Amino acid sequence: MGSILQKLAPAKINLSLDVLGRRSDGYHQVEMIMQTIDLFDKVSVRRRDDDSFCLYGGNDEAPPEASNLVYKTALLVKQIKGQQSGLDIFLDKKIPVAAGLAGGSSDAAAMMKLLNKLWNLNCSAQEMELLLAKLGSDIPFLVQGGTALATGRGEILQALPAAPAFWVILIKPSFGVSTPKVYQALQAPLWVEQSHTASGAIRGAHTVAMLKALEQGSYSAMIAALGNELEKVTIEWHPQLEEYKQYLLDQGCDQALMSGSGPTIMGFVQQEKKAREIASSIAEKVTSQGCNIFVARSLVKEEEKNWNVDSYPSS
Ligand SMILES: C[C@@](CO)(OP(=O)(O)O)[C@H](O)COP(=O)(O)OP(=O)(O)OC[C@H]1O[C@@H](n2ccc(N)nc2=O)[C@H](O)[C@@H]1O
Ligand SMILES: Nc1ncnc2c1ncn2[C@@H]1O[C@H](COP(=O)(O)OP(=O)(O)O)[C@@H](O)[C@H]1O
């Protein structure tokens with residue numbers, strides 16, 4: 001048994017999300033501005049003396065063993081990089097599952113970074129992103145973190161200057177939603193690849209507006225530009241999400257929006273104190289309806305070194 005390496009895996013939210021069309025490969029062509037926040041899972045790894053992978057922790061919803069994204073990541077890296085040691089993998093889940101917060105994707109990105117260190121792989125961030133795109137469209141962004149523009153099916157990234165700092169109050173209902181079902185329900189027109197490649201320009205209305213707002217570096221411009229095309233599908237299925245948005249707005253949030261395919265609803269404010277006050281004022285009401293509530297702040301990419309790989313002796 002060696003030392004344990006551990007890494008925090010942050011949740012993501014979508015500041016903008018546009019769907020340009022349905023692709024022939026089963027995915028949708030998207031344009032999104034993504035942002036990491038300080039709601040974390042924790043992934044830890046330790047070498048085993050044999051060559052098996054053993055996964056501990058997780059929760060009822062995060063699937064066990066081979067179907068878990070941390071396990072899949074280890075298997076993929078082992079296949080591509082050749083035989084390596086067995087692993088004990090510990091997964092401490094704080095990010096709600098199937099919530100639109102990409103907890104599973106972030107666990108996979110954290111696992112890749114841990115293996116890069118444990119197995120001395122010397123993979124660049126770009127290599128890790130390319131490899132992990134096989135396991136999920138959102139994972140490459142979680143390798144980068146901070147604020148970024150994601151295009152293609154979400155795996156093509158362009159880092160952006162940090163968004164103006166903000167806090168979010170997250171309301172996560174007791175149910176999850178299926179990302180493929182939400183995309184399907186949009187009934188988006190067929191995507192014609194060439195028209196995009198020819199112009200190369202960003203055309204999703206929410207993303208164009210958000211890019212402009214981020215260029216200005218203004219919190220109020222960012223708030224005005226928030227938008228998510230998948231909201232209409234998930235909110236039609238679960239109308240109570242509109243009520244949760246209203247709770248947040250009534251308590252003084254500057255804007256409220258769903259993250260990703262949902263169902264997590266986020267209320268935006270600039271100050272931590274206000275975020276915590278709003279969260280306390282609605283906590284009883286939303287928890288009595290089966291929701292969980294979280295308060296988190298936006299992260300900047302450079303902060304990652306503070307919660308990167310830590311090493312400590314095993315007991
Ligand atoms: C909607 C978003 C927004 O950030 O996030 P979540 O709500 O899942 O957090 C993402 O596009 C989710 O990305 P991710 O969760 O990685 O999806 P993947 O595992 O790659 O794909 C799962 C399935 O979702 C559908 N899918 C996903 C991405 C995409 N651009 N088009 C799609 O149609 C496909 O049916 C695909 O088989
Ligand atoms: N480590 C993991 N954590 C969470 N979900 C996982 C994990 N590994 C695999 N999954 C599966 O991936 C699905 C989506 O996970 P998650 O990242 O939480 O969703 P979303 O991107 O919608 O927030 C879940 O339904 C779950 O079964």
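Let's start with lysine 12 and what it touches. Leaving out residues up to four places away in sequence, lysine 12 touches Met34, Gln35, Thr36, Leu101, Ala102, Ser106, Asp138, Phe141 and Leu142. Keep in mind that this is a predicted model. Lysine 12 sits in strand β1, which covers residues 4–22. Is lysine 12 buried or exposed? It counts as buried, because 27 C-beta neighbours lie inside 10 Å and the cut-off for buried is 20 or more.

Now one of those contacts, Asp138. Aspartate 138 is in the loop between α3 (125–132) and α4 (139–144). Aspartate 138 is also buried, with 26 other C-beta atoms within 10 Å. Its contacts, again not counting residues up to four places away in sequence, are Lys12, Ala102, Ser105 and Gly154. So Ala102 appears on the list for lysine 12 and on the list for aspartate 138.

Why take these two together? The UniProt record, an unreviewed entry, places the feature "active site" at Lys12 and Asp138. They span 127 residues in sequence, yet no two of their C-alpha atoms are more than 9.2 Å apart, so they gather at one spot.

Next, the domains. The protein divides into domain 1, residues 4–161, and domain 2, residues 167–297. Their C-alpha centres lie 22 Å apart. How many residues of domain 1 are in contact with domain 2? The count is 29, and they meet 38 residues of domain 2. On the domain 1 side, the elements that give two or more residues are β1 and β2. β1 gives the most, ten residues. By class, that side of domain 1 has 18 nonpolar, six polar and five charged residues.

On to the ligands. Ligand 1 has 20 residues around it. Gly136, Ser137, Pro180, Gly260 and Ser261 come nearest. β1, β2 (28–48) and α5 (179–185) each supply at least two residues of this shell. By class, the shell around ligand 1 has seven nonpolar, eleven polar and two charged residues. Domain 1 and domain 2 each give it at least three residues.

Ligand 2 is surrounded by 18 residues. The closest are Ala62, Leu69, Val97, Gly104 and Asp107. The elements giving two or more residues to this shell are α1 (69–81) and α2 (103–118). α2 has the largest share, four residues. The class split here is nine nonpolar, eight polar and one charged. Where does ligand 2 lie relative to the domains? Both domains give residues to its shell, so ligand 2 lies between them.

Last, the core. The largest nonpolar core has 87 residues. Val70, Ala109, Met111, Met112 and Val168 touch the most other members. β2 gives the most to this core, nine residues. Domain 1 and domain 2 both give residues to the core, so the core lies between them. As background, nonpolar side chains tend to be buried together in soluble globular proteins.

Take valine 70 as one example from the core. Leaving aside neighbours within four places in sequence, valine 70 is in contact with Val43, Leu55, Ile89, Leu91, Asp107, Ala108 and Met111. Two of these names have come up before. Met111 is one of the core residues that touch the most other members. Asp107 is among the closest residues to ligand 2.

To close, back to the pair we began with. Lys12 and Asp138 carry the UniProt "active site" feature, from an unreviewed entry, and lysine 12 touches Asp138.

Terms used. Residues numbered from 1 in each chain as written. Chains lettered and ligands numbered in written order. Predicted model: local features only at pLDDT ≥ 70, side-chain atom pairs only at ≥ 80, totals over all residues. UniProt positions renumbered as here; feature names shortened; annotations may be inferred. Buried ≥ 20, exposed ≤ 12 C-beta atoms within 10 Å, placed from the backbone. Contact = placed C-beta atoms within 7 Å. Near = placed C-beta within 6 Å. Nonpolar A, V, L, I, M, F, W, Y, C, P; charged D, E, K, R; others polar. Domains from an automatic or database assignment. Core = buried A, V, L, I, M, F, W, Y, C linked by C-beta atoms within 7 Å.
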